[in-house]
Amino acid sequence: MPRKLRRDLPEFVIRTAQEEGWGAYQNGELLRRAAATFDVLVTLDQRMRHQQNVGHLGIAVVVIEIPDTRLVFIRALLPQLREAISSARAGDVLIIPTSR
């Protein structure tokens, strides 16, 4: 996720995997580390929801399904993203779809 997105979501504490020192971790290990610190993981990785069972990890995952990951297109989904983050509960996998 772009770091600049945090300016648009000041009501949430936002950290990137790189800022946490987790840049080398993927999927299961990334989720385990995130679950120890955060309530929600927001990702553009659409495969994660199929590859991981988040139900037992104590974290929610919000997946943004978007064909173009430039910030301008992600910003267009801010209302849905806010709602998903606010309503997500541990074990949830919430999808924010976009029309293709």
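Let's start at Gly 91. This residue sits in the loop between helix H4 and strand E3, and E3 covers 93-96. Keep in mind that we are looking at a predicted model. Gly 91 is partly exposed, at a relative accessible area of 26%. Now compare its position with Glu 11. Along the sequence, Gly 91 and Glu 11 are 80 residues apart. In space, their C-alpha atoms are 22 Å apart.

Next, helix H4 itself. Which of its residues are buried? They are Leu 78, Leu 81, Ala 84 and Ile 85. Around the helix axis, these buried residues cover an arc of only 125°, so they sit on the same side of H4. Turn to the other side of H4, and you find Pro 79 and Glu 83 exposed. The general rule helps here. An α-helix has 3.6 residues a turn, so residues three or four places apart point the same way.

Now helix H1. Its buried residues are Asn 27, Gly 28, Leu 30, Leu 31, Ala 34 and Ala 35. Look down the axis of H1. The buried residues fall within an arc of 160°, so they line one face of the helix.

Step back to the segment before H1. Gly 21 is placed there. Trp 22 lies there too. Buried or exposed? Take Gly 21. Gly 21 is exposed, with a relative accessible area of 53%. Trp 22 counts as buried, because its relative accessibility is 10% and the cut-off for buried is under 20%. Gly 21 can also be placed against Val 62. These two are 41 residues apart along the chain, and their C-alpha atoms are separated by 21 Å.

Stay with Trp 22. How many aromatic pairs does a search of the whole structure find? One. The partners are Trp 22 and Phe 38. Their ring centres are 6.2 Å apart. Their planes meet at 80°, so the pair is edge-to-face. What does the pair tie together? Trp 22 comes before H1, which runs 27-37, while Phe 38 is in the loop between H1 and strand E1, at 40-43. The pair therefore ties together parts that are 16 residues apart in sequence. Phe 38 is buried as well, with a relative accessible area of 18%.

Trp 22 can be placed against Arg 33, too. The two are 11 residues apart in sequence, and 8.1 Å apart from C-alpha to C-alpha. And where does the charged end of Arg 33 sit? Over the ring of Tyr 25, at 3.9 Å from the ring centre.

Last topic: the largest pocket. About 920 Å³ of space lies in it. It is lined by 37 residues. The closest to the pocket centre are Met 1, Arg 15, Leu 41, Val 42 and Thr 43. Which elements give two or more residues to this lining? Four names to note: H1, E1, helix H2 at 48-51, and helix H4 at 78-87. By class, the lining has 21 nonpolar residues, eight polar and eight charged.

To recap, go back to the two helices. H1 has its buried residues along one face. H4 has its buried residues on the same side. Both helices also give two or more residues to the lining of the largest pocket.

Technical notes
Residues numbered from 1 in each chain as written. Predicted model: local features only at pLDDT ≥ 70, side-chain atom pairs only at ≥ 80, totals over all residues. Heavy atoms only, no water. Phe/Tyr/Trp six-rings, centres within 6.5 Å; stacked < 30°, edge-to-face > 60°. Buried < 20%, exposed > 50% of the residue type's maximum accessible area, 1.4 Å probe, protein only. Lys NZ or Arg CZ within 6 Å of the ring centre and 35° of its normal. 1 Å grid on protein atoms, 1.4 Å probe; cavity = no way out; pocket = protein on both sides within 12 Å on 5 of 7 lines; lining within 4 Å. Points joined across faces, edges and corners; volume = space filled by probe spheres on them. Nonpolar A, V, L, I, M, F, W, Y, C, P; charged D, E, K, R; others polar. Arc of directions from axis to C-beta.
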